[in-house]
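Here is a short tour for anyone who likes to check a fold by eye. Please keep the viewer open while you read.

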Amino acid sequence: MCLACAREDMATLPHLSPDAAIACRLDTIAGMIRTCHRHDLSFVQIADKDTMGEHRGDYSLAVSDAWELMSEYEFTVSRRAPSDAEIYFIGRIGILPGIPCPLLDAMEMGMAARVCQTLGVYAEKGPKGKQSGLNEDELQSVMQTGYSIVAAGEEGLRKMVQTQHANMVRPGRELGAARLLGKLRHLLQISMGRDLDPLRQLIVDIISELEPLGPDDPKVFGVSPVKRHWHTLESASRTYGLSARTILGDLKRSGTFGVRKGARTGDHKISACTLEALYRSRDALLGQVRLFELTGIRNRYLSAFEEAGLIGRAGRHGEKRYSALFRRGAVDDLIDRINGVAPTVSEAPSPDYVTLVDAYLESDWTLPEVLMKIVNEEVAAVQLPGLPMFDALLVDLFSLKRLHPFFGKDHMSVEEVAELLAIGETAVSRLAHHQILPFARTRSGLRHSRLRRSILREHALEFAKRYITVAEIWRAGIPMIKVRKWLDSLGLRRVPFPPDVRCTFYLRNEVEPQLPNWTREFRSPD
């Protein structure tokens with residue numbers, strides 16, 4: 001009770017005994033209020049549950065005994081103003097106007113007082129601080145400290161936790177939420193009620209700003225942080241689908257390391273922003289293995305995508321196999337480009353749809369050409385769900401075959417054309433290379449046969465009809481050593497094909513009419 005209030009009551013009702021005259025005020029029985037707001041004096045404790053015994057709740061009995069010891073209580077009273085915490089709770093019981101405090105208002109009054117006191121002890125005494133053994137002034141102090149923290153909201157809690165974290169963290173030592181919170185854990189347990197959930201959420205979110213804790217980790221006090229700020233190697237492996245060894249190698253190549261390293265996987269603390277930039281920003285560098293995981297492109301087919309201009313290498317991390325690096329943005333663009341022309345379907349529209357590899361092996365197109373026809377929408381393509389892009393693609397094989405310039409036409413191999421023209425295969429290949437004999441690449445008909453140059457039969461026959469070789473003139477009966485001299489004497493000039501053809505041709509319509517004259521003009525009498 002407040003001694004000043006007790007004297008006022010006795011002065012007002014002098015004819016009554018103390019147990020009848022002295023009022024039992026509401027603020028005196030609220031344990032979290034220890035100061036009289038009317039007189040700025042500390043309360044004196046005249047009874048507790050132990051001294052009351054079986055008369056617990058009989059205020060008049062306690063007052064009667066206390067009045068006889070009034071002179072002794074005088075020495076325990078101190079002059080002080082009520083703290084902000086006490087003013088808040090006095091407002092809660094309706095004596096003074098209420099002061100809003102969002103984090104406390106939803107709690108029952110006793111729980112709100114416990115929150116303030118526990119947070120105050122944590123802030124003043126540290127994670128291992130105890131509430132037992134505190135005197136009246138210390139109890140008022142920790143209550144005020146805790147209330148100030150809660151009243152400041154998220155920033156107050158953040159400052160409290162950050163201060164304790166800075167005092168406790170040591171290089172090379174894992175801290176963790178349990179050690180950081182200490183005895184504060186008892187307050188935040190789920191068994192303390194769901195009214196504490198907003199407070200739990202704020203504290204867990206703040207801890208996640210300091211220690212590796214994320215939404216995918218086990219819940220702390222029944223709640224999970226909204227966002228991850230730090231990773232361990234284990235959580236990074238889960239998030240990005242990479243091994244811890246790969247992540248460490250990528251961090252080393254990028255010149256970034258965790259702020260703490262130890263023998264265990266969990267001892268690494270890596271900024272989530274660093275890993276996002278490393279693996280998910282458009283400028284992030286991806287290794288060849290990661291490219292395969294994202295797209296399904298195997299090493300043997302990678303050059304086809306590069307030749308088609310769909311992706312390019314950004315560098316290498318060494319000279320070993322599979323050491324190529326690619327920009328994440330280029331990989332995303334490739335996936336988006338394929339997704340834009342090949343919709344996802346539950347099953348193939350018809351039996352003509354085959355995989356990308358089968359479309360390449362069963363048609364007369366190279367793989368880069370097949371890819372370009374897909375992205376240019378010259379041939380229909382779809383994707384099956386649940387597979388990487390490369391494996392999910394299905395191509396309309398019949399439509400793809402129909403696009404080939406030699407589809408349905410009679411064509412000949414280089415060997416067959418060489419036999420027809422009676423020249424070497426090398427000469428035919430060079431004539432085809434210079435488009436003197438237009439060609440296209442075709443397969444022999446077998447699935448795994450190589451693409452070889454083929455020439456339309458009509459083009460080969462037209463060439464044979466137009467040109468004649470020196471060898472054919474020789475077979476007409478003219479000695480090889482005299483062919484050139486005879487043709488020069490007639491003023492006939494060879495066809496100016498490129499030198500690397502290495503085969504001499506003349507116009508047939510100029511040479512054949514002169515062949516009957518050979519015997520009369522050049523053949524010797526003997």
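## A small sheet

Two strands count as paired here if DSSP finds at least two bridges between them. In this predicted model, E6 and E7 pair in the antiparallel sense over 2 bridges. If you would like a place to start looking, Arg316 has Ala324 in E7 as its bridge partner.

These strands belong to an open sheet of 3 strands, ordered E5-E7-E6 and paired antiparallel. Its edges are strand E5 (285-287) and strand E6 (315-316), each of which pairs on one side only. Helix H17 lies across E5 and E7, and runs at about 90° to E5.

## Helix H18 and its two faces

Which residues of helix H18 are buried? In this helix, spanning residues 299-307, they are Tyr301, Leu302, Ala304 and Phe305. These four sit on the same side of H18 because they cover an arc of only 160° around the axis. A general point fits in here: an α-helix has 3.6 residues a turn, so residues three or four places apart point the same way.

Turn to the face of H18 directed away from its buried side, and you will find the exposed residues Arg300 and Glu307. After the helix comes Gly309, with a positive phi near 75°.

## What covers the buried side

The cover over the buried residues of H18 includes both helices and a strand. Helix H17 (288-295) and strand E7 (324-327) take part, and so do helix H19 (328-341), helix H20 (356-361), helix H21 (367-375) and helix H22 (389-392). H17 and E7 thus link back to the sheet: H17 lies across E5 and E7, and E7 stands between E5 and E6 in the strand order.

Key:
Residues numbered from 1 in each chain as written. Predicted model: local features only at pLDDT ≥ 70, side-chain atom pairs only at ≥ 80, totals over all residues. Heavy atoms only, no water. Buried < 20%, exposed > 50% of the residue type's maximum accessible area, 1.4 Å probe, protein only. Arc of directions from axis to C-beta. Contact = heavy atoms within 4.5 Å. Axes fitted to C-alpha atoms, helices over the stretch in contact; angles between N-to-C directions.
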